[in-house]
Number of protein chains: 2
Amino acid sequence: MKTYLDCYPCFVNQALRCGRWVTKDETILKQLIDEVGMMLKDIPLTNTPPETGEIIFKKVREISGKNDPLAEVKNRSTQEVLEIYPQLKQMVTSSADPLMTAIRLAIAGNVIDFGISDDYDIGREIQETVGKEFEICDIEPFRSALTRAQNILYIGDNAGESVFDRLLIETMGKPTVFIVREEPVLNDVIFDDAVAAGLDKVANIYSSGSTAPGTILETCTREFRELFGDADLVIAKGQGNYEGLSTEKRPIYFLLKAKCPVIARDIGVNTGAIVLKRNGN
Amino acid sequence: MKTYLDCYPCFVNQALRCGRWVTKDETILKQLIDEVGMMLKDIPLTNTPPETGEIIFKKVREISGKNDPLAEVKNRSTQEVLEIYPQLKQMVTSSADPLMTAIRLAIAGNVIDFGISDDYDIGREIQETVGKEFEICDIEPFRSALTRAQNILYIGDNAGESVFDRLLIETMGKPTVFIVREEPVLNDVIFDDAVAAGLDKVANIYSSGSTAPGTILETCTREFRELFGDADLVIAKGQGNYEGLSTEKRPIYFLLKAKCPVIARDIGVNTGAIVLKRNGN
């Protein structure tokens, strides 16, 4: 997905929101805003938004003096979801359609996205998402692809959310590679977060090589690109992966809640819509 | 009111929103965003937001090549409200408390604010505002001040909204000076807009000398500052005037809907609150 004009004010807002995780100092935050403001002229509309997200987060990391400034908050998210994991598992196994329920829960988990907001209520989100109509639901081709698939590539999104992804991977019951980011960026899932969520029990965990809050193929490792090209079924979770991969040719199933109005418009749904969308040929 | 950190992303957003009134050309809009982005570093937290609003609008005016790029949309707003003016007048005269009803209607009219959004429904806004609880309502000191006042200074805000202001001025029934901006800025009321709204029938219309979307005393004319200092009762309409005048010492009655979350927090109310607030000593 390209950068839309409406993304630019949002970049400044994202910088401020991220900056506030690591400092309350107004002078430092103002400097961060100034730097991102001056940077806008160098971000062409042809970039994908996660490329900019990466640069903004690098500045936040500099301010914080920490490699993974959100480590603690990510860990808390993961523990919170692990606590309710038995109930979530029970919801899936007792459901008339376990796959669909696990997909819905995986989308509910997508609300744990500090790139958008840190104000969420996971219990309420689960209730809402389980009862909500999909605006796009390519479940039938998904079921067929899943039945045929010998291996799955599942591109993760945020820490905490990954516990929900684990449940969907368990439910699908196929050999799966779970993809994490190479370096800490926002609250995106990295290797340690995935292990903390128990993903290592249900999948092989690999890094895409991406240091952006999304998957931009050109910046990923050759190994990842091979996995991506060869996988029987690719699932890409969340907005950042959509932004990076929406124009790729191979079939990808995007699983997300369209929280950002610009992304929602790009997909062709309303803001807040839940989506299981098959892209590519 | 000072500039808060959250105002900076909003400045970029305001530039984009204003720019879209005058062009659909993405390259020009991107350039506007770039210029405002580079400008952020030069806007200290000590500025009032309307000072920045003025600079942004000057850039929009340059792009449009027009002195008053919103002339047409302002005129349409005014005509729309003039059409329902007889019903509004009827609401006031048949009310058990005409002054209070006219105040509520004047606040309802404050929704016609293209600095915030051009997406409003004036009929619905009137319904909501007439039935809504004030979060701050200094009506008793206001009534006393009005009874004693020999003259009123009423600082206008937006075109269209001014028709509602006219109704309140008629209802108060005291000699009034209605203040407009010196130059076109956003959809703020200037002399011609005030005449189109019929303000000349109920008040003397003067310019404050302000070319910002608000009243910043240091940039106003000496004549205005004298009127401001000498008036028995000062009413300041809308957010822009609050931003510019909130720290002034003399008593001012602010009449507004707190549409912006930052201003709402500064006043100490919830976003969307309606307010009749007495400031000063």
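Colleague: At what angle do helix α4 and helix α5 of chain B pack, and how far apart are their axes?

Modeller: This is a predicted model. In chain B, α4 covers residues 71–93 and α5 covers residues 98–109; the two pack at an angle of about 150°, and their axes are 8 Å apart. Angles over 145 degrees count as roughly antiparallel, so α4(B) is roughly antiparallel to α5(B).

Colleague: Is the crossing of α4(B) and α5(B) left-handed or right-handed, and which residues make the contact?

Modeller: The crossing is right-handed. From α4(B) the contact takes B:Val81, B:Leu88, B:Met91, B:Val92 and B:Thr93. α5(B) contributes B:Pro98, B:Thr101, B:Ala102, B:Leu105 and B:Gly109. By class, the contact of α4(B) with α5(B) has seven nonpolar residues, three polar ones and no charged ones.

Colleague: Next, the domains. How is chain A divided?

Modeller: Chain A has domain 1, residues 7–64, and domain 2, residues 71–279. The centres of these two domains of chain A, taken over C-alpha atoms, are separated by 25 Å. Where they touch, 10 residues of domain 1 of chain A are in contact with 12 residues of domain 2 of chain A.

Colleague: Which helices supply the side of domain 1 of chain A that touches domain 2 of chain A?

Modeller: α1 (7–22) and α3 (49–64) of chain A each supply at least two residues of that side. The most comes from α3(A), with six residues. Sorted by class, the residues on this side of domain 1 of chain A are five nonpolar, three polar and two charged.

Colleague: Now the two chains. How should I read the relation between copies?

Modeller: Two copies of a chain are related by a rotation about an axis and a shift along it. Here, a turn of 180° and a shift of 0.0 Å along the axis lay chain B on chain A with an RMSD of 0.0 Å. The two copies are therefore related as by a two-fold rotation axis. Both copies use the same surface, as 100% of the contact residues of chain B recur in chain A.

Colleague: How many residues of each chain are in contact, and which helix gives the most to the side of chain B that touches chain A?

Modeller: 17 residues of chain B are in contact with 17 residues of chain A. On the chain B side, α1 (7–22) and α2 (26–39) each supply at least two residues. α2(B) gives the most, with seven residues. The side of chain B that touches chain A divides into 10 nonpolar, two polar and five charged residues.

Conventions: Residues numbered from 1 in each chain as written. Chains lettered and ligands numbered in written order. Predicted model: local features only at pLDDT ≥ 70, side-chain atom pairs only at ≥ 80, totals over all residues. Domains from an automatic or database assignment. Contact = placed C-beta atoms within 7 Å. Helix = DSSP H or I, 4+ residues; strand = E, 2+ residues; numbered from the N terminus. Nonpolar A, V, L, I, M, F, W, Y, C, P; charged D, E, K, R; others polar. Axes fitted to C-alpha atoms, helices over the stretch in contact; angles between N-to-C directions. Parallel < 35°, antiparallel > 145°, perpendicular 65-115°, else oblique. Left-handed = near helix turned anticlockwise from the far one by under 90°. Least-squares fit on C-alpha atoms with pLDDT ≥ 70 in both.
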